[in-house]
Amino acid sequence: MSIDRIIILFFIAFLVFIALFYRRAILSRLPGLSGEAILGEEDEVAVYETGGPRTMCYNRCRVRLTDSRIIIAQKMLFPRNAFHLRYVISYRVAEARTDLLTVLKKGYYDIEVPASLVSLSEKGAGISVNLPISPSNNRMIEFDIQRSGEFLRIFTPSS
């Protein structure tokens with residue numbers, strides 16, 4: 001057997017391993033917190049991860065806002081109505097925290113960001129949402145959403 005075939009077989013086996021390992025990282029399998037209520041949801045959102053070596057764009061995402069988390073999941077190619085989890089952001093916390101080991105175990109970012117670090121700005125008929133991924137560097141998640149009412153209610157400081 002040639003070295004080319006061995007490398008291709010190893011690569012295919014690696015992809016199958018990753019698919020099996022992260023098969024639970026689907027929006028429909030994400031357990032809800034006790035008493036958690038969904039406040040809003042929007043489909044077909046483009047989510048950008050900026051501040052790293054390159055900008056990542058996740059197209060066709062579903063952004064779900066609950067009373068304690070922002071959940072961002074990307075539409076999968078083959079399953080008809082399945083969404084792969086990208087970010088689960090808890091915003092009812094005192095300080096920001098990201099754990100690389102948790103990302104590797106779960107297959108998605110499970111991070112904590114205080115609501116005070118989430119910034120909103122008006123953009124057309126909706127709003128632009130920016131929030132930090134990591135407290136130690138300038139990596140950010142950015143997306144534009146049309147259903148802005150719940151985001152404004154939660155993340156705008158009351159006077």
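In this predicted model, Thr50 has Met140 as its bridge partner in β8, a pairing that belongs to the antiparallel association of strand β1 with strand β8 (residues 140-145), which extends over four bridges. Strand β1, covering residues 38-50, also pairs in the antiparallel sense with β2, here over eight bridges. The two strands β1 and β2 form a hairpin with five residues between them, and in the turn Gly51 has a positive phi of about 95 degrees. Within this pairing, Glu41 stands opposite Arg64 of β2.

The side chains of the hairpin can be followed from Arg62, which is placed in strand β2 (residues 56-66). Is Arg62 buried or exposed? Its relative accessible area is 14%, and because buried means under 20%, Arg62 counts as buried. Apart from neighbours within four places in sequence, the residues in contact with Arg62 include Leu27, Ile71, Ile72, Ala73, Asn81 and Phe83, and also the acidic residues Glu41, Glu42 and Asp43. With Asp43, the side chain of Arg62 makes a polar contact through the other side chain at 2.6 Å, while with Glu41 the side chain of Arg62 meets in a salt bridge of 3.7 Å, taken from N to O. This latter pair links distant parts of the chain, since Glu41 lies in strand β1 and Arg62 in strand β2, 21 residues apart. Glu41 itself is partly exposed, its relative accessible area being 25%.

A further connection between the two strands is the salt bridge in which the side chains of Arg60 and Glu44 meet at 3.6 Å, N to O. Arg60 belongs to strand β2 and Glu44 to strand β1, so this pair ties together parts that are 16 residues apart in sequence. Here Arg60 counts as partly exposed at 45% relative accessibility, whereas Glu44, with a relative accessible area of 57%, is exposed.

Away from the hairpin, Arg153 forms a salt bridge with Glu150, with the closest N and O atoms 2.8 Å apart. Both residues are in helix α3 (residues 149-155), and because they are three residues apart there, about one helical turn separates them. Arg153 counts as exposed at 54% relative accessibility, and Glu150 as partly exposed at 28%. Returning to the strands, Glu41, Asp43, Arg62 and Arg64 are joined into one network by salt bridges that share partners. The count of salt bridges in the model comes to eight.

Conventions
Residues numbered from 1 in each chain as written. Predicted model: local features only at pLDDT ≥ 70, side-chain atom pairs only at ≥ 80, totals over all residues. Heavy atoms only, no water. Polar contact = N/O pair within 3.5 Å; in protein donor to acceptor, adjacent residues only side chain to side chain. Contact = heavy atoms within 4.5 Å. Pairing = 2+ DSSP bridges. Salt bridge = Lys/Arg side-chain N within 4 Å of Asp/Glu carboxyl O. Buried < 20%, exposed > 50% of the residue type's maximum accessible area, 1.4 Å probe, protein only.
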